[in-house]
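Reader: I would like to go through this model term by term and ask what stands behind each label. Please set each value against its cut-off before you conclude.

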Amino acid sequence: MSVFERVLGGNVFYEFWKQLQQHIFSEARFIQLITLQPIEIYKASTQLEVDDAKIDLHIRSNVENLMQRRIERTINLLTLNLLENKNKAYIFDFDVIIKAQMAYAEVNKFFNHHFAKQTYVIEENQYYLFIKKFETSNIGTKGEVRLPFMLESKRWFLKRKMHGVAVFNGSINFHQPKYVIKTRNLRYRLETNNWILKIIDRIYHDQIVAFLSDFLQYNFSEELMHAKAEAQAQIDSFQSQTNWIAGQIEEMDMERITIENDGVHAVFLAQGKLRLIP
């Protein structure tokens, strides 16, 4: 299961729906019905552990204000939109907002867990790349990754191990195209005392940047689809216990992802319809 699916999974939507059924018509919420503000149904903070790394989650859920809906339907009646008003009489919008934050120390743990201390074949029986560790940070709104490595050559005339540090930095683009995260203005520099690595970098620097710009892309559409299905299953499992309320998630998306001083931030939004059954 991917990181996105784990962030959007768990019991988030089950807890939201339970709170909605318990509180939407409680006495404490009744005063909110005479305002024109959305009603906050659920608010929680938790921490999720993914492959040794911790992600902080802040979850908030709102339901469209009932009084506001009544005013809109009164206007519908006055304009004689009777059929539309009847069809929508008991339907309200709701959303679930999930803010995820991952500190750079935790980003390091995640990447080191999956990719560090491993040897990658560049050319069979010729060149091998060993990544020692990942060190992530930021420069303003740009991310920076320091990657200490060892390049081993097994060619008979160039049999040796060469050490260096590749330092990458760039910005994040998402939804260009839709459901894709990729780097923008990617740059890198090489820190090494090895003359062979310096020559390789001088010759292939632009090609390496172009390759990485194309390679470092991530399509998360399938993950959102799976997360949406799991969220709907959570709601269905709870609402099967009652016959007066039903909910349907219509959209789930990542609203934004940003690089900030305290880590990487992402905001996910699920939107749907709540139907009261008279």
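Author: We can begin with Q101, which touches K54, I55, D56, D262, V264 and H265 when residues up to four places away in sequence are not counted. Please keep in mind that this is a predicted model, and that Q101 itself lies in strand β3.

Reader: What makes the pairing of the Q101 and D262 side chains a polar contact?

Author: The two side chains meet at 3.1 Å, and a polar contact requires a pair of N or O atoms within 3.5 Å, so the pair qualifies.

Reader: K54 was among the residues that Q101 touches; why is K54 said to form a salt bridge with E49?

Author: The closest N and O atoms of K54 and E49 are 3.8 Å apart, and because the rule asks for a Lys or Arg side-chain nitrogen within 4 Å of a carboxyl oxygen of Asp or Glu, the pair is counted. By this rule the count comes to eight salt bridges.

Reader: Why is K54 called partly exposed?

Author: Its relative accessible area is 31%, and since buried means under 20% and exposed means over 50%, K54 falls in between.

Reader: Which parts of the chain does the salt bridge between D253 and K178 tie together, and what accessibility does each partner have?

Author: The side chains of D253 and K178 meet at 3.5 Å, N to O. D253 lies in strand β11 and K178 in the loop between β8 and β9, so the pair ties together parts that are 75 residues apart in sequence. D253, at 12% relative accessibility, counts as buried, whereas K178, at 48%, counts as partly exposed, because the limits are under 20% for buried and over 50% for exposed.

Reader: Which residues are linked in a network of salt bridges?

Author: The network links K133, E135, R146, R189 and E191; for E191 and R189 the closest N and O atoms are 3.3 Å apart, which satisfies the 4 Å limit.

Reader: Which residues touch the most other members of the largest nonpolar core?

Author: They are F13, W17, I98, M254 and F268, in a core of 41 residues. Strand β3 gives the most to this core, with six residues. Apart from it lies another core, of 16 residues, among them I131, L151, L197 and L212. In soluble globular proteins, nonpolar side chains tend to be buried together.

Note on methods. Residues numbered from 1 in each chain as written. Predicted model: local features only at pLDDT ≥ 70, side-chain atom pairs only at ≥ 80, totals over all residues. Heavy atoms only, no water. Core = buried A, V, L, I, M, F, W, Y, C linked by side-chain atoms within 4.5 Å. Buried < 20%, exposed > 50% of the residue type's maximum accessible area, 1.4 Å probe, protein only. Helix = DSSP H or I, 4+ residues; strand = E, 2+ residues; numbered from the N terminus. Polar contact = N/O pair within 3.5 Å; in protein donor to acceptor, adjacent residues only side chain to side chain. Contact = heavy atoms within 4.5 Å.
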